[in-house]
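Grab a coffee and work through these short exercises with the viewer open. Try each task yourself before reading the solution.

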Amino acid sequence: MAWPVQFLFRGLRTVGLVLLYYVFSIGITFYNKWLMKGFHYPLFMTLVHLGVNFCLSALARRAMQCWTGKPRIILTWEDYLRKVAPTALATALDIGLSNWSFLFITISLYTMTKSSAVLFILFFSLVFKLEEPNPFLILVVLLISSGLFMFTFESTQFNMEGFIMVLLASFIGGIRWTLTQVLMQKAELGLQNPIDTMYHLQPLMFLGLFPLFLYNEALSLSASEKLFRVTELSPLLYSLMTLSAGGTLAFGLGFSEFLLVSKTSSLTLSISGIFKEVCTLLLAASLMGDRMSKLNWLGFAVCLCGISLHVGLKTYYSKNKVPSIRQLSSKGSELQLPLLRQNGDKCEDSAADDYDDEEEEQEISLH
């Protein structure tokens, strides 16, 4: 009886973790879209989210330090500015443009266009020699590209300005996740834990996005009654609470991904991410009134096939080659991308390094 009970417990735990990931991932998408209907300052919203993320990651690091009794990594200024700054700038632009696009496009168009990030990630992974050339990658590119074309072709709710923003965000996202992969693979930096990575990225992300905010939103926001020209305290508190809630959702998304990978595997997160896209479009159609034709749905299905093929290929090749962080750091510039793999029954001493690598690889596969 012990084995069926244990199997049932693991199944229920996996379902619970997947649902938690769905709540944060889908929740922040709809939340940002809802907020942008009445608060037309996406860059300021992103800055607030970064501040909340920094505070929560600092608290998480303190809790981890008290729990383990070991001090957390703090980079030197030289490493921080030379090695973390490019990743932080790319991340800030990716998130900022993504949030900005909600002023113009629907959730369905955003979800579909953002899926094209896989193409740019593959491209930059090949450029940085993180991904080995594979003939099947051509099929992946063709499926995702053709699916995106069919989804946007003669779309009744298509907006060129918002589409270009999301496409540009996907392109920058390819740079972002490739640089993040390299950053976390450098064992000497000690940023394998995503909480430590988030903690070090947020300040530079804030500084990188702040000039764009000053140029585009600062003047109009200073004259807005949403924050600086309020006549009563309650509207100000409401605006600050709603903005902070988005930052909490963003932090919860990263934490739920980390928890799901650590307790199951990155393959579970990959498959969950594919079904999450389907759930997002169905909810957008039913709750937000997004209109999609049969050709749009067909394009989305073709794009999902391309993403599924990409995940399947990584799962297949992971059986033959699974480099570790120490192996990667010893190869210098010849870094190889850690492939998807099951956690299995491993000793606890090596589990932390393994699932941190898995999580970052998974983020590259999904965003």
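The exercises below go from the overall fold to single residues and ring pairs, and the model is a predicted one.

**Exercise 1. Get your bearings**

Work out which kinds of secondary structure elements the protein has, and how much of it is buried.

*Solution.* Start by counting elements: you should find 14 helices and zero strands. Next, look at burial: 51% of the 367 residues count as buried. Then check the contacts between residues at least 6 apart in sequence; 81% of them join residues at least 24 apart. Finish with the outside, where the accessible surface is about 17800 Å² and carbon and sulfur atoms account for 68% of that area.

**Exercise 2. Follow helix α3**

Trace α3 from end to end, find where it bends, and then decide whether D94 is buried or exposed.

*Solution.* The helix covers residues 77-101. Its 25 residues span 34 Å from the first C-alpha to the last, close to the 36 Å expected at 1.5 Å a residue. Now look at V84: α3 bends there by about 50 degrees, and the proline P86 follows within four residues. Further along sits D94. Its relative accessible area is 3%, and the cut-off for buried is under 20%, so D94 is buried. What does it touch, leaving aside neighbours within four places in sequence? D94 is in contact with K114, A169, I172, G173, R176 and W177.

**Exercise 3. Look into the core**

Find the residues that touch the most other members of the largest nonpolar core.

*Solution.* This core has 68 residues, and the ones to pick out are L35, F39, F44, V84, I144, F151 and L221. Helix α1 (residues 2-38) supplies the largest share, 11 residues. As a general background point, nonpolar side chains tend to be buried together in soluble globular proteins. Now zoom in on F151: leaving out residues up to four places away in sequence, F151 touches S108, L109, M112, L281, M292, N296, G299 and F300.

**Exercise 4. Classify a ring pair**

Among the 12 aromatic pairs, take F44 and F213 and say how their rings are arranged.

*Solution.* First the geometry: the ring centres are 5.8 Å apart and the planes are at 35 degrees, so the pair is tilted. Next, location: F44 is in helix α2 and F213 in helix α8, so the pair ties together parts 169 residues apart in sequence. Then burial: F44 counts as buried at 15% relative accessibility, and F213 is buried too, at 7%. Last step, widen the view: ring pairs link F39, Y41, F44, F206, F210 and F213 into a cluster.

Key. Residues are numbered from 1 along each chain as its sequence is written. This is a predicted model: local features need pLDDT of at least 70, side-chain atom pairs count only at pLDDT 80 or more; totals for chains, interfaces and linings use all residues. Side-chain values use heavy atoms; hydrogens and water are left out. Helices (H or I, at least four residues) and strands (E, at least two) are DSSP runs, numbered from the N terminus. Buried means under 20% relative accessible area, exposed over 50%, partly exposed in between (1.4 Å probe, protein chains only). Contact means heavy atoms within 4.5 Å. A nonpolar core is a set of buried Ala, Val, Leu, Ile, Met, Phe, Trp, Tyr and Cys residues joined through side-chain atoms within 4.5 Å. The expected span of a helix is 1.5 Å times one less than its number of residues. The bend at a residue is the angle between axes fitted to the seven residues ending there and the seven starting there. Accessible areas come from the Shrake-Rupley method with a 1.4 Å probe; for residues, only the protein chains shown count as cover. Rings of Phe, Tyr and Trp (its six-membered ring) pair if their centres lie within 6.5 Å; planes under 30 degrees apart count as stacked, over 60 as edge-to-face and the rest as tilted.
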